[in-house]
Amino acid sequence: MIKKDVIIIGAGASGMMCAVESGKRGHSVLILDHAEKTGKKIRISGGGSCNFTNINISHTNFISNNPHFCKSALSRFTPDDFISLLEKHGVKYEEREEGQLFCAKSSEEIIRMLENESNDVGVNIILNCQVLDVKKEDSFIVSTDNGIFSSESLVIATGGLSYPQVGASGIGYNIAKQFGLKVTEIKPALVPFIFSQKDLKIFGDLSGISIDAAIKCNKMEFRGSILFTHRGLSGPTILQVSSYWKEGDTIVIDLLPEIDIYGIFIEKQQSKSKIDMHNLLSQYMPSRLAKIWCDSNIQSKPVNQYNEKELRKIAHMVHNWEIKPGSTEDFKTAEVTLGGIDTNELSSKTMESRKIKGLYFTGEVIDVTGQLGGYNLHWAWASGFVAGQYA
Ligand SMILES: Cc1cc2nc3c(=O)[nH]c(=O)nc-3n(C[C@H](O)[C@H](O)[C@H](O)COP(=O)(O)OP(=O)(O)OC[C@H]3O[C@@H](n4cnc5c(N)ncnc54)[C@H](O)[C@@H]3O)c2cc1C
């Protein structure tokens, strides 16, 4: 049996960060991962250029049963801290919209940076390693198809269930349950919606159309592009909303957020315009959308044939189009997993289990889920960083 101070299961964002920090404190650290490469999710993040943090980060960008849990880690490892690390390694980055920072070249550079940092402090990494059993006697004992290892601290950095095609598995939740820790309900988040059967028949033909819209769901509102797909709705704004959506909820879409469409209707009516409603709307949104939306929501006719009350109602509907999605897509297309290890089970300062001394959890496996925009990776860095100060 090989003895280490710290074993980390998961060579992803939070596991690597934790390994570096623990290694800096002189600990012998071993990372085990069943994948053939480190950081596979970092590699595909942000379309390959990795939206690694957001300069406007706060606890309000996260969903958790305890919205305060992430505060301590976020205050101790900030976007500036990660930027300093990038600058030390000469990794170039750029700011895109809304404070989102991306690699200027490729997310590979971040993986290389973490591997170099790990090497510098003597971290061992075993890849292609299947974890068969985890138990605690005096210390933790991890049995694998590469041998048996023991350690004083065990860090579970195995991520969520999203994107099983790059190595996600439910092992983190299983280990938590095995040690008697509660796991909250988990479900796909940052994920496209699937239309109900009825809506798919009506709106399926809009596949490929993208518009700028504002979407409301459960008191949250997001603004940006939405994309009609052959199954439902996608695009960054839809992904944001999906994390707040529960089965049976209606989402409300403002199809023309910048435009006073009622004012335009009245102007046209007063000038006795005979333009058909769907043709008028086509001047402000894709004509296919205007036609199908009118067909399914109103009776399109020349604008001068509506009375003021009807125009007010149509304008309201354009700004408040209600859609009840049938479901979301599954974990195969979800960027993250909502829910996870119950935060009541962990110290927000150390990420250590309150019940099991020496057992830590980091990153997405915890019930802390970021919005789209670099928040999930930042949570991985920050939670890995703080765990690495204690594990
Ligand atoms: C397509 C996509 C794009 C994304 N883009 C962004 C983005 O731009 N910005 C952002 O902030 N977030 C993004 N995310 C989310 C972000 O990548 C994750 O939240 C983050 O990587 C989680 O870090 P982690 O350390 O918790 O887990 P991960 O980075 O997922 O690491 C978990 C590790 O555990 C290993 N593992 C799992 N099961 C086992 C097992 N049974 N045995 C051994 N090892 C195991 C995995 O192989 C993996 O290496 C994206 C996610 C996806 C899927």
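Here are four short exercises, each with a worked solution, on a predicted model.

**Exercise 1. Find the domains**

Into which domains is the protein chain divided, and how far apart do their C-alpha centres lie?

*Solution.*
- Step 1: Start with the residue ranges. Domain 1 is made of two stretches, 2-187 and 333-388, while domain 2 covers 193-328.
- Step 2: Look at the distance. The C-alpha centres of domain 1 and domain 2 are 40 Å apart.
- Step 3: Turn to the contact between them. Domain 1 gives 6 residues and domain 2 gives 4 residues.
- Step 4: Sort the side of domain 1 that touches domain 2. You should find 3 nonpolar, 2 polar and 1 charged.

**Exercise 2. Describe how helix 1 packs on helix 13**

What are the angle and the axis distance between helix 1 and helix 13, and which residues make the contact?

*Solution.*
- Step 1: Recall the idea. A pair of packed helices is described by the angle between the axes and the distance between the axes.
- Step 2: Locate the helices and read off both values. Helix 1 spans residues 13-24 and helix 13 spans residues 375-388; the angle is about 30 degrees and the axes are 7 Å apart.
- Step 3: Name the arrangement. Angles under 35 degrees count as roughly parallel, so helix 1 is roughly parallel to helix 13.
- Step 4: Add the handedness, which is right-handed for this crossing.
- Step 5: List the partners. Helix 1 contributes Ala13, Ser14, Gly15, Met17, Cys18, Val20, Glu21 and Ser22, and these meet Leu377, Ala380, Trp381, Ser383, Gly384, Phe385, Ala387 and Gly388 of helix 13.
- Step 6: Class them. The contact holds 9 nonpolar, 6 polar and 1 charged.

**Exercise 3. Try two further helix pairs**

Which handedness do the crossings of helix 1 with helix 5 and of helix 9 with helix 12 have?

*Solution.*
- Step 1: Take helix 1 and helix 5 (residues 108-120). Their axes are 9 Å apart, at an angle of about 25 degrees, which means that helix 1 is roughly parallel to helix 5.
- Step 2: Helix 1 crosses helix 5 in a left-handed way.
- Step 3: Find the residues that touch. Met16, Met17, Ala19, Val20 and Gly23 of helix 1 meet Leu114, Glu117 and Ser118 of helix 5. By class, that gives 5 nonpolar, 2 polar and 1 charged.
- Step 4: Move to helix 9 (residues 261-270) and helix 12 (residues 308-319). Here the axes come within 9 Å and the angle is roughly 145 degrees.
- Step 5: The crossing of helix 9 and helix 12 is right-handed.
- Step 6: On helix 9, look for Ile261, Tyr262, Phe265, Ile266 and Gln269; on helix 12, look for Leu311, Arg312, Ala315 and Val318. This contact has 7 nonpolar, 1 polar and 1 charged residues.

**Exercise 4. Explore the ligand shell**

Which residues come nearest to the ligand?

*Solution.*
- Step 1: Among the 39 residues around the ligand, the nearest are Gly10, Gly12, Gly46, Gly159 and Gly363.
- Step 2: Check the helices. Helix 1, helix 2 (40-44) and helix 13 each provide at least two residues of the shell.
- Step 3: Finish with the classes. The shell has 18 nonpolar, 16 polar and 5 charged residues.

Technical notes. Residues are numbered from 1 along each chain as its sequence is written. This is a predicted model: local features need pLDDT of at least 70, side-chain atom pairs count only at pLDDT 80 or more; totals for chains, interfaces and linings use all residues. Axes are lines fitted to C-alpha atoms, for helices over the stretch in contact, and angles run from 0 to 180 degrees between N-to-C directions. Helices (H or I, at least four residues) and strands (E, at least two) are DSSP runs, numbered from the N terminus. Angles under 35 degrees count as roughly parallel, over 145 as roughly antiparallel, 65 to 115 as roughly perpendicular and the rest as oblique. A crossing is left-handed if the near helix is turned anticlockwise from the far one by less than a right angle, and right-handed if clockwise. Two residues are in contact if their C-beta atoms, placed from the backbone, lie within 7 Å. Ala, Val, Leu, Ile, Met, Phe, Trp, Tyr, Cys and Pro count as nonpolar, Asp, Glu, Lys and Arg as charged, and the others, Gly among them, as polar. Domain bounds come from an automatic or database domain assignment. A residue is near a molecule or strand if its C-beta atom, placed from the backbone, lies within 6 Å of it.
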